[in-house]
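Visitor: I've got a few "how do you know" questions about this one. Could you walk me through the reasoning?

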Amino acid sequence: SYILALETSCDETSAAVIKNGREVLSSVISSQIETHKAFGGVVPEVASRKHVEKITLILEQAIQEAGISLNDLSAIAVTEGPGLVGALLVGVVAAKTLAMALDKPLIGTHHIAGHIYANRLVQEIEYPAMALVVSGGHTELVYMKAEGQFQVIGRTRDDAVGEAYDKVARAIGFPYPGGPHVDRLAIEADEVVELPRSWLEPDSYDFSFSGLKSAVLNVVNQSKMRGETVNAAAIARGFQESVVEVLVEKAIRAMKEYGARQLLLCGGVAANKGLRTALTARCEQENVSLLIPPLTYCTDNAAMIGAAAYLKWERGQFTPLDMKAEPSMSLEEWSVRE
Ligand code: ATP
Ligand code: MG
Ligand code: FE
């Protein structure tokens, strides 16, 4: 099968062609980061306009690089939600138009299912599996009893981890998106500012990062008030150590309690070197099988959407042509029907 996938949920316009659910024939990603940088974050109206400008070119390029023609396609997949409504709509309208014109099935796809299934582009997933989703808008532990079955067992109660990274980066003087800057600084630092860990209730799989973020802001403000230079590297390291420790320990505990066979790291923050290193070491120690997508499939891309859509394609579970963008779609409701 050849699935053409489109992704426009936030600030990347992306199209990809996926063969048999796993082989990436093409993956074209156009990032709007440079446009949004000036505003310190993603501006929804600007994002939609940019998607409109790019989408046709990007999808033509994906088809061309895949070396196939539109008629060879088995289905058209698109991110249906969650995300920015105006941004999602651009992909949804393009996908519906193509599905109608070519008379091909349409597969509305969940963005976070996409992040999780980016791991399938590496190798087949073993179930039951546990996914640790760490992105710009989500921080979740997702239990997957079987393929295409999603159960969110823990989530952030306030900021997503990527959002916390971006806010901390801004406080210590780095532009949007700040995650990679904090990561680099944390690894280079030879000093550390000790910061609190947010464990919440002992049996909880939920997360909270706003307290940690406030602690960072306090340290920064105190330095400034005393007229001292802000030790950005030591703060970055303290912040990263706190985030990584909590994420790793909760993921390992969830793996054990649910008897999962494989841990799947995913989302933009899965690109974080500190997290990748610590999780890899901890999983080796615990004899836990760990999958992490290659860097290009951690942040938003359409290849991951094609990989997730394949679940529905295999089962013939298509989306009606009157599909709408679903800005707050839940992961559970996207599970495959048995
Ligand atoms: P969601 O997937 O929840 O809708 P999103 O699509 O905006 O959100 P992603 O593209 O998955 O988020 O991830 C972007 C986030 O990843 C940004 O917050 C960015 O700072 C963060 N990020 C990217 N690389 C790193 C890194 N090396 N360390 C920490 N954070 C990172
Ligand atoms: Mg993005
Ligand atoms: Fe994302």
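Guide: Happy to. A word on the UniProt annotations first: they are given in the numbering used here, and may be inferred rather than shown by experiment. Also keep in mind that this is a predicted model.

Visitor: Which residues does UniProt list for "binding site" alongside Asn272?

Guide: The unreviewed entry lists Val133, Val134, Ser135, Gly136, Gly137, Asp166, Gly179 and Asp183 together with Asn272.

Visitor: Take Val133. What makes it buried or exposed?

Guide: The cut-off for buried is 20 or more other C-beta atoms within 10 Å. Val133 has 25 C-beta neighbours inside 10 Å, so it counts as buried. It sits in strand S6, residues 129-134. Setting aside residues up to four places away in sequence, Val133 touches Ile112, His115, Ile116, His138, Thr139, Glu140, Val142, Cys266 and Gly267.

Visitor: And Asn272, where is that one?

Guide: Asn272 is in the loop between strand S9 (262-266) and helix H9 (273-286). With 28 other C-beta atoms within 10 Å, Asn272 is buried too. Beyond its neighbours within four places in sequence, Asn272 is in contact with Gly179 and Asp183, and the UniProt entry lists both of those for "binding site" as well.

Visitor: Now ligand 1. Which residues come nearest to ligand 1?

Guide: There are 24 residues around ligand 1, and Gly136, Gly137, Gly162, Gly179 and Gly268 come nearest. As for helices, H4 (111-117), H5 (161-171) and H6 (179-188) each supply at least two residues of that shell.

Visitor: How do the residues of the shell divide into nonpolar, polar and charged?

Guide: Six are nonpolar, 15 polar and three charged. Gly counts as polar in this scheme, so the glycines that come nearest, such as Gly136 and Gly137, go in the polar group.

Visitor: UniProt has another "binding site" annotation, I think. What does the one with His111 cover?

Guide: His111, His115 and Asp300, again from an unreviewed entry. They span 190 residues in sequence, yet no two of their C-alpha atoms are more than 8.8 Å apart, so they gather at one spot.

Visitor: What makes His111 buried or exposed?

Guide: His111 has 27 other C-beta atoms within 10 Å, and the threshold is 20 or more, so it is buried. His111 is placed in helix H4. Not counting residues up to four places away in sequence, it touches Ser9, Thr79, Gly81, Pro82 and Gly83.

Visitor: And what about Asp300: buried or exposed?

Guide: Buried: Asp300 has 26 C-beta neighbours inside 10 Å. Asp300 is in the loop between S10 and H10. Leaving aside neighbours within four places in sequence, its contacts are Glu7, Ser9, Cys10, Glu12 and Ser14. Ser9 also appears among the contacts of His111.

Visitor: On to the sheets. Why are S3 and S5 said to stand at the edges?

Guide: The order in this open sheet of five strands is S3-S2-S1-S4-S5, with mixed pairing. Strand S3 (23-31) and strand S5 (106-110) each have a single partner strand, so one side of each is left without a neighbour in the sheet. From one strand to the next, the twist averages 20 degrees.

Visitor: How do you know that S2 and S3 pair, and in what sense?

Guide: Two strands pair if there are at least two bridges between them. S2 and S3 have eight, in the antiparallel sense, so the pairing holds. Val17, for instance, stands opposite Ser26 in S3. The two strands form a hairpin with three residues between them, and Asn20 in the turn has a positive phi of about 50 degrees.

Visitor: What about S4 and S5?

Guide: Strand S4 (residues 75-81) pairs with S5 over five bridges, in the parallel sense. Here Ala77 stands opposite Ile107 in S5.

Visitor: Which strands stand at the edges of the sheet that holds S6?

Guide: That is another open sheet of five strands with mixed pairing, in the order S8-S7-S6-S9-S10. Strand S8 (151-155) and strand S10 (289-291) each have a single partner, so they stand at the edges. Further in, six bridges join S6 to strand S7 (residues 139-144), and the two run antiparallel. The bridge partner of Leu132 in S7 is Leu141.

Conventions
Residues numbered from 1 in each chain as written. Chains lettered and ligands numbered in written order. Predicted model: local features only at pLDDT ≥ 70, side-chain atom pairs only at ≥ 80, totals over all residues. Near = placed C-beta within 6 Å. Helix = DSSP H or I, 4+ residues; strand = E, 2+ residues; numbered from the N terminus. Buried ≥ 20, exposed ≤ 12 C-beta atoms within 10 Å, placed from the backbone. Contact = placed C-beta atoms within 7 Å. Axes fitted to C-alpha atoms, helices over the stretch in contact; angles between N-to-C directions.
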